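Biologist: I have a model open on my screen and would like to learn how to read it. Could you walk me through a few features?

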Amino acid sequence: MSSAAPSSTAGIEYVPMSFEEYLALPDKPKAEWVDGVAVIYTMAPVSRHSSLQFRLAHWFATHFPDLWGGTEADTWLPANRMRRPDLAMALHTPEGDWINGTEAPPLLVLEILSPSTRSEDLFRKGAEYASAGIAQYWVVDPDDERSIEVNDLVDGSWQRQVRVTSKQPTASVVVPGHDPVQLDFHEIFRD
């Protein structure tokens, strides 16, 4: 492994290593590779996160059966970055071990925020997903006001399409290339 010392923030450890070393990491814990550094998520998702991920994957499979979907799907992005969104939806089944976002980016990616990954998901990953040309970025916030936000890529930046909360629980959402569907907050957040 590389000789540089690892650094960390609450719930995330940053360990310099080559891509080959990254590929040799065990499947657990969750890790991504950015600019020669493994971003290792040291806190396991709570059951609420896993439950939301399951419900969202089911929602997408039900409403968009023509799309390929994967949870924790390794996604290779431009600038030599391997990210693992909580959910990725693509027009075609990926060839190989990951989605090759430099050749055919996923149609959309979804991240479920947690206190330890919030800034990584919103700022770093959001910018990387936009640079990769991913058409939509869904952000699910199980804390604070609890919300599901759908953002479209417009001229290289994210523009909010819809946001559902317990106070505004339904909205019509358009996934590129598909007819509008109803997004219901209570269908995803059942507690």
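**Reading the sheet, its helices and its loops**

Modeller: Happy to! Let's begin with one pair of strands: β8 and β10 run antiparallel to each other, joined over three bridges. Within that pairing, Leu87 has Leu110 of β10 as its bridge partner. Do keep in mind that this is a predicted model.

Biologist: What holds strands together in general, and which strand does β5 pair with in the antiparallel sense?

Modeller: The general idea is that strands of a sheet pair through backbone hydrogen bonds, in either a parallel or an antiparallel sense. Here, β5 pairs with β8, antiparallel, over four bridges. In that stretch you can find Trp68 opposite Ala90 of β8.

Biologist: How many strands form the open sheet, and in what order?

Modeller: Six strands form it, and reading across gives β5-β8-β10-β11-β12-β13, with mixed pairing. The edges are β5 and β13; each has a single partner strand, so one side of each has no neighbour in the sheet. From one strand to the next, the twist averages 15°.

Biologist: Which way do the side chains of β8 point, and are they buried or exposed?

Modeller: Leu87 and Met89 point one way, while Ala88 and Ala90 point the other way. All four are buried.

Biologist: Now the helices. Which strands does helix α2 lie across?

Modeller: Helix α2, residues 47-63, lies across β5, β8, β10 and β11, and runs at about 155° to β10. Helix α3, residues 118-131, also packs on the sheet, where it touches β10, β11, β12 and β13. The direction of α3 makes about 175° with that of β11.

Biologist: How do I read the shape of α3, and where is its kink centred?

Modeller: Start with the span: α3 has 14 residues and reaches 19 Å from its first C-alpha to its last, close to the 20 Å expected at 1.5 Å a residue. Then look for a bend: α3 has a kink of about 40°, centred on Lys125. Lys125 is also one of the buried residues of α3, a list that includes Glu120, Asp121 and Tyr129. Just after the helix, Gly133 has a positive phi of about 80°.

Biologist: Which residues other than glycine have a positive phi?

Modeller: Two to look at are Glu72, with phi near 50°, and Asp155, with phi near 50° as well. Glu72 sits in the loop between β5 and β6, and Asp155 in the loop between β12 and β13.

Biologist: Why is Asp155 called exposed, and why is Glu72 called partly exposed?

Modeller: Asp155 has a relative accessible area of 78%, and exposed means over 50%. Glu72 comes out at 27%, which means partly exposed, in between the 20% and 50% limits.

Biologist: And Asp86: buried or exposed?

Modeller: Asp86 counts as buried because its relative accessibility is 2%, and buried means under 20%. Asp86 lies in the loop between β7 and β8. Leaving out residues up to four places away in sequence, Asp86 touches nine others you can look up: Lys30, His49, Gln53, Gly70, Thr71, Glu72, Leu110, Glu111 and Ile112. Glu72, with its positive phi, is among those contacts, and so is Leu110, the bridge partner of Leu87.

Terms used
Residues are numbered from 1 along each chain as its sequence is written. This is a predicted model: local features need pLDDT of at least 70, side-chain atom pairs count only at pLDDT 80 or more; totals for chains, interfaces and linings use all residues. Side-chain values use heavy atoms; hydrogens and water are left out. Helices (H or I, at least four residues) and strands (E, at least two) are DSSP runs, numbered from the N terminus. Buried means under 20% relative accessible area, exposed over 50%, partly exposed in between (1.4 Å probe, protein chains only). Contact means heavy atoms within 4.5 Å. Two strands pair if DSSP finds at least two bridges between them. Axes are lines fitted to C-alpha atoms, for helices over the stretch in contact, and angles run from 0 to 180 degrees between N-to-C directions. The expected span of a helix is 1.5 Å times one less than its number of residues. The bend at a residue is the angle between axes fitted to the seven residues ending there and the seven starting there.
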